[in-house]
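Let's take a friendly walk through a protein model, looking at its surface and at some of its charged side chains. Have the sequence and the 3D view ready as you read.

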Amino acid sequence: MATCTLNRNTTEEKLVWYAMVLTYPCFAIGALYVSGSVIGWMIFGVAMLRWYIKGIDNSVYLPSILWLWIGGGLVLLVALFVAHANWDLGLGKTIKSTIGWAKGWALLPLFLFLGAMVNIKREIIIRAACIIAIHSLFFGVITVAAYILKLPADLFISPLKVIGGPCPDFFTVSFYGLNPETGIGRWRFFAPWAPAAGLMACMLFIFCSLEKNTGYRNWGIAGCAVMCLLSQSRAGWAIFIMLIPMLMFLGKIKSPLMLIIIGVITCLFLLAAEAIYDWIYTLYSDIKAARPDSTRVRSALANIAVQRWETEAPIWGHGIVERGPKIVEFMPIGTHHSWYGLLFVKGMVGLLALAIPLVFTALYLLLTSYHSPMSPSAFCMVMVLVCYSFFENLEILAYLYWPALLWIGMALNPKKSGVHYAY
């Protein structure tokens, strides 16, 4: 890759670049949650000022699907207000939840909008992602040594926690964590908890696979593998493995040879369907048994969330998460699962506000994978989000995976992705 393509010519590109490459320095002072939550609004402010002074460029195009995301984000805000009014939660909690919306759900349409509308070179995002992955490789090696030497796991909690956040984990600076069930080390890297590190390993892996510089690509992929391995995230391992064939073959299916190969594989799959099903079921059972307490808590949280949603607030939800009982280790109801969380907090209205734009985005990217060099990777990122939505709350972690949202937004814009038509 030519060096000139990595020149940061605009303020927006510089903000994206430094926000990404300074991930670990920000984590080292406990400021990553703050920087990740505000960087999108900073870029948005700069873009608005630029458009106000110079006017909107003729090349700027607002994709139709993006309106679904903007509408969905606003619906989530309306659901918040209605639920707070229904449950008389008071002005203070409403203001706090609105700020939480701006740092969570609002980031999804915001970064998609910025990716589609603001001129940011793809190579900058890819190279910065590789640098994060390489830093993760070094961090993993160093902290494994710290774990072997039995150095302290948690270093300190940043005073920035006074700003407010979901929990102290977002401001805790640590080398590694300990699996409460096995007592062995479990790494979260720059994420608030280990499964979130698995999510970021998958996202960074997609970016690193697009890097044209062999050195950055290989070292970056190695860093992603180390992140996924040390995080011990069951979902992360499965999704990471799933991404390898998707990245290899998606977008190449239009080739006649690929169609023949897929046809042969499909026939073999049908012939061996029963054996494959038995193998998958056994593997799934083994994975669940790997951390039985975690599986039990997640299942109980899901049951409580669904039961209370159905009986108490089916349309607009409860407005806020609530602390669960002892059976779920007092974990908040509405966490560990985006869809159950949406049902509990924002009701069926909130669930549809996310599901509708997410489905249309996935379909668009899949259909345009035949024509656009960006759509296959963007589709893989959407699939990672869809998969992880069943294990994590997507809005809480948006401050981490925002580069993927930028990329998806670019892919939704035909003028940036190379698609010659729009749906």
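## A nonpolar patch on the surface

Before we begin, keep in mind that this is a predicted model. A good place to start is Leu-363, which lies in helix H14. Is Leu-363 buried or exposed, or partly exposed? Its relative accessibility is 47%, and because partly exposed covers the range between 20% and 50%, Leu-363 counts as partly exposed.

Leu-363 has company. Together with Leu-68, Met-348, Leu-352, Ile-356, Val-359 and Phe-360, Leu-363 forms a nonpolar patch on the surface. The accessible area of these residues together is about 580 Å². Which helix gives the most to this patch? That is helix H14, spanning residues 338-367, with six residues.

## Salt bridges from helix H1

Now for the charged side chains. Side chains of opposite charge can pair when their charged atoms come close. How many salt bridges does a search of the whole structure find? The search finds four, and we will visit some of them here.

Let's begin with Glu-12, whose side chain meets that of Arg-50 in a salt bridge, with 2.9 Å from N to O. Glu-12 sits in helix H1 (residues 11-21) and Arg-50 in helix H3 (residues 32-54), so this pair ties together parts that are 38 residues apart in sequence. Glu-12 is buried, with a relative accessible area of 3%, whereas Arg-50 is partly exposed at 27%.

Glu-13 takes part in a salt bridge too: its side chain meets that of Lys-121, at 3.0 Å from N to O. Glu-13 belongs to helix H1, while Lys-121 lies in the loop between helix H6 (107-117) and helix H7 (122-148), so the pair ties together parts that are 108 residues apart in sequence. Glu-13 is buried, with a relative accessible area of 4%, and Lys-121 is partly exposed, with a relative accessibility of 22%.

## A buried pair

Another salt bridge joins Arg-127 and Glu-211, whose closest N and O atoms are 3.0 Å apart. Where do these two residues lie? Arg-127 is in helix H7 and Glu-211 is in the loop between helix H8 (194-209) and helix H9 (214-231), so their pairing ties together parts that are 84 residues apart in sequence. Try finding both in the 3D view: Arg-127 and Glu-211 are both buried.

Definitions and conventions: Residues are numbered from 1 along each chain as its sequence is written. This is a predicted model: local features need pLDDT of at least 70, side-chain atom pairs count only at pLDDT 80 or more; totals for chains, interfaces and linings use all residues. Side-chain values use heavy atoms; hydrogens and water are left out. Patches are made of residues with over 30% relative accessible area and no salt bridge: like charges are joined within 9 Å, nonpolar side chains (Val, Leu, Ile, Met, Phe, Trp, Tyr) within 5 Å. Accessible areas come from the Shrake-Rupley method with a 1.4 Å probe; for residues, only the protein chains shown count as cover. Helices (H or I, at least four residues) and strands (E, at least two) are DSSP runs, numbered from the N terminus. Buried means under 20% relative accessible area, exposed over 50%, partly exposed in between (1.4 Å probe, protein chains only).
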